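Dear colleague,

I am handing over the structure below, and after it I set out what I found when I looked at the salt bridges. Please read the notes with the structure open beside them.

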Amino acid sequence: MPLSKKNFDVFTTRIKELSGIVITSDKEYLLESRLMPLVQKYGLNDLNGLANYLKENKDSALLNEIVECMTINESSFFRDIKPFDYLRDSIIPKIISTCPEKNKFHIWSAASSTGQEAYSIAMTLAEMPLCKDKIFEIYATDIDPNVLETAREGLYTQFEVQRGVPIIMLIKYFTQENGDRWRIKDNIKQMVKFEKFNLLDKTEEIGMFDIIFCRNVLIYFDNQTKEKVLVNISKVMEPHAYLFTGGTESLIGVNTTLQPVEGMVSVFR
Ligand SMILES: C[S@@+](CC[C@H](N)C(=O)[O-])C[C@H]1O[C@@H](n2cnc3c(N)ncnc32)[C@H](O)[C@@H]1O
């Protein structure tokens, strides 16, 4: 049976409550294609069966599984390149000169998916002579534990590394395994700590950050959720901190105290 409107609403409401992700009716096909494995796993007939099962089972494990199926985990090394140029040419030098006494810096990759963003930040820093005597800790989080497992493993296909890693960095920061796999080296891996974190949750206990990357995730939220997430993020930004959003993620119409940085695209203070 096709998914009823009532059951479509059951899925979309519960997914939004847990993750902030908005699924509009034109994306119903996504529910169908991505949730079918769960229909099979639980021995049900169709998505209506899964919706009923979700209503009956109040435990969060099934809902977590559903959200994990619905997250879009697309990522790549040095994605959109500009943020990494800003980081190297402007933001890191500015922060270091603003806080000359500071020895340890904290960076948050706030929807890190399979780790490419966090490792790209780490490689950028490793290339900078200015950062030699400083310690950089990169905290990388995502709502989806499956992508975090991949990120911690740090093993990527030829296709994945070819999509963004310059050849010089590939040779310097990866080792080749079984011909077509590339493993990130320990000196880069050690700069990053991956943990599960939901952007809708309170940030008070995760520490303060000098730089935050929250890219290509706000796009899945409505304005009210974006505002909530940005308030949570603002609370953990040091006074001199910068926030990067995705290149296509406009904050127009979003009520926030964050201000765009002049001369840079998708960078906020
Ligand atoms: C498209 S990826 C972006 C990855 C990376 N930031 C980039 O730009 O390449 C979006 C990620 O956001 C995560 N995500 C979605 N909702 C989230 C939430 N409420 N809290 C934390 N992460 C979330 C997804 O699991 C997914 O891995």
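To begin with one pair, E137 and K104 form a salt bridge in which the closest N and O atoms are 3.2 Å apart. Because E137 lies in strand β2 (residues 135-142) and K104 in strand β1 (residues 104-109), this pair ties together parts that are 33 residues apart in sequence. Both partners count as partly exposed, E137 with a relative accessibility of 34% and K104 with one of 37%. Please keep in mind throughout that this is a predicted model.

The next pair sits within a single helix, since K5 and D9 both belong to helix α1 (residues 5-19), where they are four residues apart, or about one turn of the helix. Their salt bridge brings the closest N and O atoms to 2.7 Å. Here K5 is exposed, at 59% relative accessible area, whereas D9 is partly exposed, at 29%.

A further pair is found in helix α5 (residues 82-98), which holds both D85 and R88, three residues apart and again about one turn of the helix. The side chains of D85 and R88 meet in a salt bridge with an N to O distance of 3.4 Å, and these two residues, together with D89, are linked in a network of salt bridges. D85 is partly exposed at 22% relative accessibility, and R88 is likewise partly exposed, with a relative accessible area of 38%.

As for the whole structure, the search finds 15 salt bridges, among them the pairs described above.

With best wishes

Note on methods
Residues numbered from 1 in each chain as written. Predicted model: local features only at pLDDT ≥ 70, side-chain atom pairs only at ≥ 80, totals over all residues. Heavy atoms only, no water. Salt bridge = Lys/Arg side-chain N within 4 Å of Asp/Glu carboxyl O. Helix = DSSP H or I, 4+ residues; strand = E, 2+ residues; numbered from the N terminus. Buried < 20%, exposed > 50% of the residue type's maximum accessible area, 1.4 Å probe, protein only.
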